[in-house]
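Here is a short report for a first look at this model. It starts at a metal site and moves on to the sheet around it.

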Amino acid sequence: MSVWVVDDSRLIRSMLTALLSQAGIEDVKTAESGEALVEHFQDHHTREAVRLILLDLMMPGMDGIETLRHLRAFPELQDIPIIIITGRGEKEDLEAAFQAGASDFLSKPADPVEFVARVKGALRLSELLVQRRSKERDLKDSHARLELLTYTDALTGVANRRNLDQTLQNIWTQPGRTVSLILLDIDHFKRYNDTLGHLEGDACLKRVAAALEDTLAAEGTFIPEALLARYGGEEFAVLLPDAPMEEAAQLAEHLRQGVLKAAIPHPNSDHHHLVTISLGVHSLLALPDTSPALLIERADQALYQAKSMGRNQVFR
Ligand code: GH3
Ligand code: MG
Ligand code: MG
Ligand code: MG
């Protein structure tokens with residue numbers, strides 16, 4: 001928490017510093033020019049500590065008004081009180097000073113009582129402002145955290161069903177886009193749970209999700225908007241906005257291989273004691289006579305086909 005005194009006169013600097021110190025304000029910093037101050041504030045950490053600036057109007061080089069404009073351009077200093085200090089006969093410049101963002105002015109030589117009263121008033125205001133700012137920041141943080149929780153599956157950390165549904169709804173607000181959807185389901189997961197227990201089953205779901213994420217990350221440059229979501233239970237969905245069927249089917253095949261390569265042991269799977277997945281793919285145009293529900297239904301039918309044809313495969 002610092003108060004800055006900016007004046008080209010050393011005498012004024014030490015006078016004001018002494019007055020502030022008598023008023024119990026000890027954390028006072030001084031600068032002898034606007035340039036020096038602006039240079040110092042290039043580091044944002046120094047800006048965050050500022051509570052009040054007392055700024056001389058007449059200075060060689062960058063004058064008070066120009067300095068003021070520079071200071072107000074820093075977001076952290078946008079509403080910190082800045083009091084302009086004027087000498088005799090500088091009153092005409094005050095209008096320009098207020099336009100440039102001055103909060104108040106004092107003339108020198110200052111009446112000590114008035115000076116301290118104004119400074120303390122400005123500091124109180126500044127403190128309230130800083131508190132409000134930090135409260136707003138906290139609120140924003142907790143809002144972001146809540147948002148993240150609302151749209152994330154707690155077990156696997158991938159998007160949840162709500163996220164998928166919302167994204168699909170958004171796509172249908174822009175008719176004409178091609179949308180592909182991959183629905184996939186772990187093969188013989190009931191056996192897995194029955195043999196190893198529900199906790200091991202949960203761990204398996206996490207590993208499958210991680211394998212899917214790895215495959216998507218490896219192909220991320222081709223499908224920047226791909227959304228992996230846990231659709232429910234041991235089913236996942238990969239939504240591919242603007243991806244044609246060919247691309248989606250190819251990705252589905254890579255996802256199948258990726259889970260196989262993750263080599264998650266399965267005590268009684270059909271395939272070398274490894275966890276496998278079955279996948280259904282469908283593509284359609286987002287139009288008024290199609291819908292997210294239709295896309296999901298078709299992808300689900302394809303998934304059913306993949307299951308009935310022997311699992312561990314892609315059906316489109
Ligand atoms: P299929 O190859 O035909 O898909 O057979 P399956 O056994 O995988 O299919 P089924 O739908 O019969 O069983 C799915 C099982 O997934 C049943 C349920 O207990 C289990 N399951 C669903 N959600 C969870 C979960 O969050 N954790 C665990 N551990 N198991 C889950
Ligand atoms: Mg001066
Ligand atoms: Mg299932
Ligand atoms: Mg299953």
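The magnesium ion (ligand 4) has three kinds of protein donor atom listed below, from D185, I186 and E234, at 2.0 to 2.2 Å. Donors are N, O and S atoms within 2.8 Å of the metal (3.2 Å for Na, K and Ca); water is not among the atoms, so sites may look incomplete. Along the chain the donors follow the spacing D-I-x47-E. I186 lies in strand β6 and E234 in the loop between β7 and β8, so this pair ties together parts 48 residues apart in sequence.

This is a predicted model: local features need pLDDT of at least 70, side-chain atom pairs count only at pLDDT 80 or more, and totals for chains, interfaces and linings use all residues. Residues are numbered from 1 along each chain as its sequence is written, chains are lettered from A and ligands numbered from 1 in the order written, and side-chain values use heavy atoms, without hydrogens and water.

| Ion | Protein donors | Distance |
|---|---|---|
| magnesium ion (ligand 3) | D185 (OD), E234 (OE) | 2.1 to 2.2 Å |
| magnesium ion (ligand 4) | D185 (OD), I186 (O), E234 (OE) | 2.0 to 2.2 Å |

The two ions are 3.7 Å apart, and D185 coordinates both. D185 is buried, at 9% relative accessibility. I186 is buried too, at 1%. Buried means under 20% relative accessible area, exposed over 50%, partly exposed in between (1.4 Å probe, protein chains only).

Now the sheet. Five strands form an open sheet in the order β7-β8-β6-β9-β10, with mixed pairing. Strands (E, at least two residues) and helices (H or I, at least four) are DSSP runs, numbered from the N terminus. Two strands pair if DSSP finds at least two bridges between them. Strands β9 and β10 run parallel, joined by two bridges.
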